[in-house]
Amino acid sequence: MATSSSFSAYTVQGQMSSAEARKSLHYLFNISTSSCKQSIQCNAFSSHAYMKKMRLSSFGNQLKLGIAERSSQRKGVYCSAMDVDNSRASFSPGKKFQLDDVIEAQQFDRDTLSAIFEVARDMEKVEKNSPGSQILKGFLMATLFYEPSTRTRLSFESAMKRLGGEVLTTENAREFSSAAKGETLEDTIRTVEGYSDIIVMRHFESGAARRAAATAGIPVINAGDGPGQHPTQALLDVYTIEREVGKLDGIKLALVGDLANGRTVRSLAYLLSKYQGVKIYFVSPDVVKMKDDIKGYLTSKGVEWEESADLMEVASKCDVVYQTRIQRERFGERVDLYEEARGKYIVDKDVMNAMQKHAVVMHPLPRLDEITVGVDDDPRAAYFRQAKNGLYIRMALLKLLLVGW
Amino acid sequence: MATSSSFSAYTVQGQMSSAEARKSLHYLFNISTSSCKQSIQCNAFSSHAYMKKMRLSSFGNQLKLGIAERSSQRKGVYCSAMDVDNSRASFSPGKKFQLDDVIEAQQFDRDTLSAIFEVARDMEKVEKNSPGSQILKGFLMATLFYEPSTRTRLSFESAMKRLGGEVLTTENAREFSSAAKGETLEDTIRTVEGYSDIIVMRHFESGAARRAAATAGIPVINAGDGPGQHPTQALLDVYTIEREVGKLDGIKLALVGDLANGRTVRSLAYLLSKYQGVKIYFVSPDVVKMKDDIKGYLTSKGVEWEESADLMEVASKCDVVYQTRIQRERFGERVDLYEEARGKYIVDKDVMNAMQKHAVVMHPLPRLDEITVGVDDDPRAAYFRQAKNGLYIRMALLKLLLVGW
Amino acid sequence: MATSSSFSAYTVQGQMSSAEARKSLHYLFNISTSSCKQSIQCNAFSSHAYMKKMRLSSFGNQLKLGIAERSSQRKGVYCSAMDVDNSRASFSPGKKFQLDDVIEAQQFDRDTLSAIFEVARDMEKVEKNSPGSQILKGFLMATLFYEPSTRTRLSFESAMKRLGGEVLTTENAREFSSAAKGETLEDTIRTVEGYSDIIVMRHFESGAARRAAATAGIPVINAGDGPGQHPTQALLDVYTIEREVGKLDGIKLALVGDLANGRTVRSLAYLLSKYQGVKIYFVSPDVVKMKDDIKGYLTSKGVEWEESADLMEVASKCDVVYQTRIQRERFGERVDLYEEARGKYIVDKDVMNAMQKHAVVMHPLPRLDEITVGVDDDPRAAYFRQAKNGLYIRMALLKLLLVGW
């Protein structure tokens with residue numbers, strides 16, 4: 001969703017993040033343009049610094065605002081699982097920034113994260129004390145899932161409903177664009193945006209969320225697009241570290257398990273590079289080691305990192321042990337390699353005993369046996385609280401995108 | 001849903017379209033009948049002129065009202081994709097008519113359409129200005145889909161929620177009546193009507209909606225039954241023409257593409273015959289030409305029509321170019337014929353250039369490439385607005401069926 | 001959900017059944033414990049007499065309450081389709097009992113049933129007269145269905161929405177615990193309880209609901225777990241008998257059809273043993289006769305029963321004829337045996353003629369032809385009213401579990 005235009009920047013910018021504001025915008029344009037058919041092309045530079053193409057057309061006494069990202073100069077950039085270029089989020093000190101879409105972890109800088117986390121903490125209070133909150137009353141969220149992900153979907157839908165909003169659900173969105181019918185994602189988005197105020201989309205193709213956001217006149221949240229991005233997971237991970245440890249600067253973190261394929265750990269490493277004095281330990285079987293792009297990026301950002309094969313020793317030094325699941329599907333027919341990899345670094349009571357009193361264990365879930373069930377009772381087992389934090393982060397994002405600060 | 005009975009006609013007729021009224025009816029009968037078990041059979045002539053069989057039975061201190069359409073004299077009539085007999089909707093001048101179910105395009109006459117469109121326009125205002133509308137607060141809609149149709153389902157569910165109503169969703173309603181379990185549609189309806197206030201049903205069998213309406217004591221809306229009817233699509237098409245062109249009498253319309261199989265274009269041709277001075281052009285590959293029944297019907301109603309192979313020439317004369325998708329599945333293994341047919345009449349920028357300034361392009365969606373993406377930016381491309389109008393029409397119908405005028 | 005603890009019994013017991021109360025509990029503990037990390041293990045004896053293990057842990061300024069049933073002493077007891085040991089529900093005369101979870105028919109004693117039925121009757125009034133009821137406003141129910149059961153799901157979701165509550169739906173909950181990902185049911189529950197206030201679970205494994213309840217800190221309702229239990233069906237059956245016949249003591253009931261495999265008839269026989277002077281007739285083909293465990297249990301409880309092959313004669317003596325569907329899938333390739341069995345005892349107009357004026361026919365639905373369609377018009381055909389009663393029972397249970405009496 002684009003939020004500003006070159007000819008009515010002030011008014012629009014102040015209001016554009018809510019459905020209400022979209023309507024104001026409509027009215028505004030109704031006043032300032034004639035009612036004959038016309039098409040105005042203009043370029044706008046939105047507050048999170050994407051180039052957008054805005055198309056404004058009037059017909060009869062109605063006006064349409066179409067927005068398409070001018071993405072030609074970025075072509076090919078968004079194909080890998082985790083690009084490590086600079087944050088593109090602009091933050092004006094002294095002012096609240098404008099959040100239009102949530103597409104990728106890279107769009108958030110430190111100040112943006114901090115501001116979102118503040119709202120998330122408010123959301124904890126709303127969830128606990130205001131069961132009938134009406135903050136998003138009258139707003140409609142469409143969960144457009146091209147592949148099922150019950151956990152993520154329920155988390156978003158709970159967030160919306162906890163704030164008094166309503167939900168349209170589909171888990172078979174592929175039907176929209178089935179090979180047989182052949183509709184483009186863009187056409188689907190243009191239809192669905194007519195039925196809702198915000199779209200939460202899960203897709204099997206990397207870059208799909210960006211395409212959807214470029215098309216939609218309403219906010220889009222990426223709930224995972226293939227091997228690409230899952231930005232709300234990245235946000236809840238960082239939020240959980242801050243909630244559990246009490247700080248982000250100077251944090252010592254172990255990333256354990258499948259570091260080659262997990263977009264989670266890659267995003268997390270990327271986001272932590274925005275903080276001071278961070279130290280990251282990579283503990284993984286050889287076949288699924290952290291890739292060089294992230295290592296190089298961390299180095300370029302002055303983040304200390306080292307690889308280790310000794311989980312016990314690392315655990316004793318860290319504030320956070322972030323365990324991940326070894327994904328069998330990555331090993332094809334080499335079941336032997338998989339079995340060897342998955343059994344190598346298990347978080348069990350011995351590891352807990354090695355850990356400091358204030359340190360915590362995190363995991364993006366679902367887990368198999370890479371954390372033993374016996375650990376669950378330990379108050380330092382933070383993974384279910386981490387899942388719950390996903391609710392608060394999503395509540396915060398929905399609020400920010402729909403009604404602003 | 002039947003709305004009147006021979007023994008308490010006045011009271012019932014005035015109130016029966018709302019769930020509230022159903023309750024009034026219950027109480028009314030509670031007063032006027034004894035509490036012993038009895039069964040009363042009576043014939044009633046409902047306001048939209050279907051013959052119904054009403055069954056009233058009391059047991060204990062409760063009363064049940066069962067309604068079944070007396071359909072014997074119509075048997076076999078409703079099997080084809082689009083019957084072209086007369087409208088069966090009765091409209092009493094000076095009074096608002098009663099809408100009980102929405103089963104087929106033929107049930108609407110010109111006055112009914114006009115009245116519904118008036119409400120739909122109100123709904124545009126509700127959607128834009130009253131995000132927290134409570135018009136249908138407390139009402140529960142069951143979307144009983146025997147085959148998935150995400151687009152149609154989301155449109156209905158959005159309509160219900162935009163008006164403050166609630167939704168029960170199922171996209172696997174076939175499970176209800178699976179071969180293994182073998183439940184009849186009628187039994188399913190009798191169960192679901194106990195859980196909801198209105199049923200929106202999609203079914204794979206022509207005539208299923210009529211059967212459901214004959215069984216249900218609550219309103220039923222047909223959201224498409226196999227090759228049969230999809231009346232809300234027909235309504236939104238006519239509504240869009242009126243909104244975009246500003247009139248229906250004297251309209252010049254081109255129906256392009258698959259005219260043999262599309263229920264959409266058949267319903268549209270049928271409904272337009274209710275207006276004065278309409279001219280329809282059929283532009284289609286030979287293999288999917290408009291069938292003779294519709295042509296004959298148009299002629300009998302004094303509607304001018306002609307077939308043409310020259311899309312450019314037709315486009316230059318029309319108010320509306322209604323493009324449709326050529327459906328591959330109709331061609332079986334003759335992919336060559338399909339490819340030839342689908343490439344024949346494309347709406348592109350050249351066609352747009354030939355069209356008049358006030359004319360619009362419509363399409364029921366989804367589209368493939370029968371309208372090129374380059375056309376989307378043209379303000380005369382009305383197909384996404386047309387999809388949005390589906391929301392307003394469905395809001396209007398839900399309001400009319402549940403709370404009346 | 002556990003509701004009491006040894007160190008703050010009074011406060012907790014009075015409030016623990018509502019989501020609100022859970023929050024009170026949190027605050028209570030916040031006051032009484034320090035904010036350092038600690039873990040407290042304590043045993044509590046909950047009001048429905050399950051031993052629970054409560055785990056209370058604090059971290060930062062938050063507290064977690066984890067509860068796990070101590071089930072070791074019961075291991076292996078809950079594997080059969082219908083255990084016939086004593087009720088475990090305790091009811092304190094003069095006080096309303098506490099309902100924590102709904103797991104199995106056996107947990108209800110006569111007083112509990114009576115109290116629930118009283119609330120269900122209130123719910124009939126709410127549904128009829130208060131379309132916008134807000135009794136459960138702000139509460140969120142998760143329908144966690146590991147196998148689809150549209151009828152049961154819609155009934156629960158309607159119940160929740162009729163009371164102003166909200167719903168999170170999933171019918172593909174298996175994805176949570178797919179073999180590929182391998183998450184345990186317990187982990188799934190710990191995640192979902194973070195998103196909702198009550199879980200309604202359908203599962204393919206006997207005992208799954210008990211495991212879920214032992215894990216969850218919020219109430220769990222069993223909506224059927226494999227061949228195990230379907231307690232809300234059992235409750236609505238007994239409720240329907242009372243509503244239709246006006247009494248439960250002294251009732252004469254025929255159980256007809258598949259008595260070997262149907263958990264419905266087994267549960268019903270079990271529950272009726274709690275009433276005085278009950279007489280049960282078993283009428284079934286030889287291949288699907290009632291099993292000895294239930295017969296023995298009835299005898300031990302002083303319930304008269306007899307087997308009969310003469311449906312007409314039995315029907316003439318009973319208050320209730322409870323017909324069931326013969327399940328084809330039980331007969332494998334012996335289609336001949338299935339055909340013989342299913343055609344043997346049909347409830348048709350002749351059976352209705354033999355029945356007394358006040359007697360009724362019940363059926364858990366769906367039906368095939370074991371009750372002929374011609375019977376539907378008879379006011380004594382109670383099966384659709386029975387389905388509707390499922391709504392009232394579920395409304396009552398949701399209210400009791402979430403906000404108490």
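Here are legends for close-up views of this predicted model.

**View 1. An annotated domain in chain A, taken from the UniProt record.** The unreviewed entry gives residues 249–400 of chain A the feature name "domain: Aspartate/ornithine carbamoyltransferase Asp/Orn-binding". Follow this span from end to end, and you will find its end C-alpha atoms 25 Å apart. Helix accounts for 39% of the span and strand for 14%.

**View 2. A cis peptide bond before Pro366(A).** Leu365(A) and Pro366(A) are joined by a peptide bond in the cis form, with omega at about 0°. To find the spot, look at the loop between β12 (360–362) and α13 (383–403) of chain A, where Pro366(A) sits.

**View 3. Leu365(A), a residue with positive phi.** In the loop between β12 and α13 of chain A, Leu365(A) has a phi near 60°, a positive value although the residue is not glycine. Leu365(A) counts as buried because its relative accessible area is 9%, under the 20% cut-off.

**View 4. The cis bond between Leu365(C) and Pro366(C).** Turning to chain C, the peptide bond from Leu365(C) to Pro366(C) is cis, and its omega is near 0°. Pro366(C) belongs to the loop that lies between β12 (360–362) and α13 (383–403) of chain C.

**View 5. Leu365(C) and its backbone angle.** Here Leu365(C), a residue other than glycine, shows a positive phi near 60°. You can locate Leu365(C) in the loop between β12 and α13 of chain C. With a relative accessibility of 10%, Leu365(C) is buried.

Technical notes: Residues numbered from 1 in each chain as written. Chains lettered and ligands numbered in written order. Predicted model: local features only at pLDDT ≥ 70, side-chain atom pairs only at ≥ 80, totals over all residues. Heavy atoms only, no water. UniProt positions renumbered as here; feature names shortened; annotations may be inferred. Helix = DSSP H or I, 4+ residues; strand = E, 2+ residues; numbered from the N terminus. Buried < 20%, exposed > 50% of the residue type's maximum accessible area, 1.4 Å probe, protein only.
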